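Student: Pick one spot in this model and give me a close look at it. After that, work outward to the rest of the chain, keeping it informal.

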Amino acid sequence: MTISLSKGQRIDLTKTNPGLKLAVIGLGWDTNKYTGGDGFDLDASAFLLHQNGKAGGIEDFVFYNNLSVYSGAVLHTGDNRDGQGDGDDEQIKIDFSKIPETIHRIGITVTIHDAERRNQNFGQVSNAFVRLLDEQSGSEILRYDLGEDFSVETAVVVCELYRHGPDWKFQAIGSGFAGGLSALAHNYGLDAK
């Protein structure tokens, strides 16, 4: 049975799902019809954060140009450049057994590629969601629908997974940023160039 979360809610992942070793984070969205002419290219990313809340470098950042870190502990399945179709537009897979002890949080984000040049923002995106599945069974554990709370933002921290003792928890975030991927990377301690 899928649990639907609201912004700010937290849920135990591995404690209430003791067999959960491999998770799939599916992210999806639709774009509103408008006359801008350019298609939308939304990109999912994962920032692996140390105890100080920062990524240590490119080895802690999973995105369309760096698909896997820590021997497949976190794996991006590939860039969907148009978001067409139903279901997940992009997926990030997590193997909890391979995540180094030094990683305390994983921030899952979505950004609009080239948003400033294309004059695009999350106010033009609808039906955005994140869901977490058990990769082994295929069952959906939780879902968070982001709603329509955004206007000028070009990046969104969708959710975070974080350690709580030996277990992992999930928090629905839904926090928007201006400045796209560069702003998020800076927020998480990476020098985006």
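Tutor: Let's start at Gly 72, which sits in the loop that runs between β6 (68-69) and β7 (74-76). Keep in mind that we're looking at a predicted model. How buried or exposed is Gly 72? It is partly exposed, because its relative accessible area is 24%, and the cut-off for buried is under 20%. Set aside the neighbours within four places in sequence, and Gly 72 is in contact with Asp 95 and Lys 98. For a sense of distance, take Leu 20: 52 residues separate it from Gly 72 in sequence, and their C-alpha atoms are 16 Å apart in space.

Stay in that loop for a moment, since Ser 71 belongs to the loop between β6 and β7 as well. The backbone is worth a look here: Ser 71 has a phi near 55°, a positive value in a residue other than glycine. Most residues other than glycine have a negative phi. Ser 71 counts as exposed, because its relative accessibility is 68% and the exposed class starts over 50%.

Where else does a positive phi turn up? Asn 127 has one, at about 55°, although it is not a glycine. Asn 127 lies in a strand, β10. It is partly exposed, with a relative accessible area of 48%.

From Asn 127 we can follow β10 to what comes after it. Glu 135 lies in the loop between β10 (125-134) and β11, and it makes a salt bridge with Lys 93, whose closest N and O atoms are 3.0 Å from those of its partner. Lys 93 is in strand β8 (residues 90-95), so this pair ties together parts that are 42 residues apart in sequence. As for cover, Glu 135 is partly exposed at a relative accessible area of 33%, and Lys 93 is partly exposed too, at 24%.

How many such bridges are there altogether? The structure holds seven salt bridges. Side chains of opposite charge can pair when their charged atoms come close. One of these bridges joins the side chains of Asp 114 and Arg 117, with 2.7 Å from N to O. Here Asp 114 is partly exposed, with a relative accessible area of 32%, whereas Arg 117 is exposed at 54%. Another bridge links Asp 145 with Arg 143, the closest N and O atoms being 3.1 Å apart. Asp 145 counts as partly exposed at 45% relative accessibility, and so does Arg 143 at 24%. Then there is a network: Asp 88, Arg 131 and Glu 140 are joined by salt bridges that share partners.

Now for a charged residue with another story. Glu 153 is found in the loop between β11 (140-145) and β12 (155-164). What does it do for a partner of opposite charge? Glu 153 is buried yet has no salt bridge, and the nearest side chain of opposite charge, Lys 7, is 8.2 Å away. A salt bridge needs the nitrogen and the carboxyl oxygen within 4 Å, so a gap like that does not qualify. What you do find close by is backbone: a polar atom of the Glu 153 side chain lies 2.7 Å from the backbone nitrogen of Ser 151. Leaving out neighbours within four places in sequence, Glu 153 is in contact with Asn 121, Phe 122, Gly 176 and Phe 177.

Finally, zoom out to the whole chain. It has two helices and 13 strands. Of the contacts between residues at least 6 apart in sequence, 68% join residues at least 24 apart. Buried residues make up 49% of the 193 residues. Along its principal axes, the C-alpha trace spans about 50 × 40 × 25 Å. Why call that a compact globule? With 193 residues, such a globule would have a radius of gyration near 16 Å, and the chain has 16 Å, which agrees. On the outside, the accessible surface comes to about 9,200 Å², and carbon and sulfur atoms account for 46% of it.

Technical notes: Residues numbered from 1 in each chain as written. Predicted model: local features only at pLDDT ≥ 70, side-chain atom pairs only at ≥ 80, totals over all residues. Heavy atoms only, no water. Helix = DSSP H or I, 4+ residues; strand = E, 2+ residues; numbered from the N terminus. Buried < 20%, exposed > 50% of the residue type's maximum accessible area, 1.4 Å probe, protein only. Lys, Arg positive; Asp, Glu negative; His and termini not counted. Polar contact = N/O pair within 3.5 Å; in protein donor to acceptor, adjacent residues only side chain to side chain. Contact = heavy atoms within 4.5 Å. Rg over C-alpha atoms; globule rule 2.2 N^0.38 Å. Areas by Shrake-Rupley, 256 points an atom, 1.4 Å probe, with all protein chains shown as cover.
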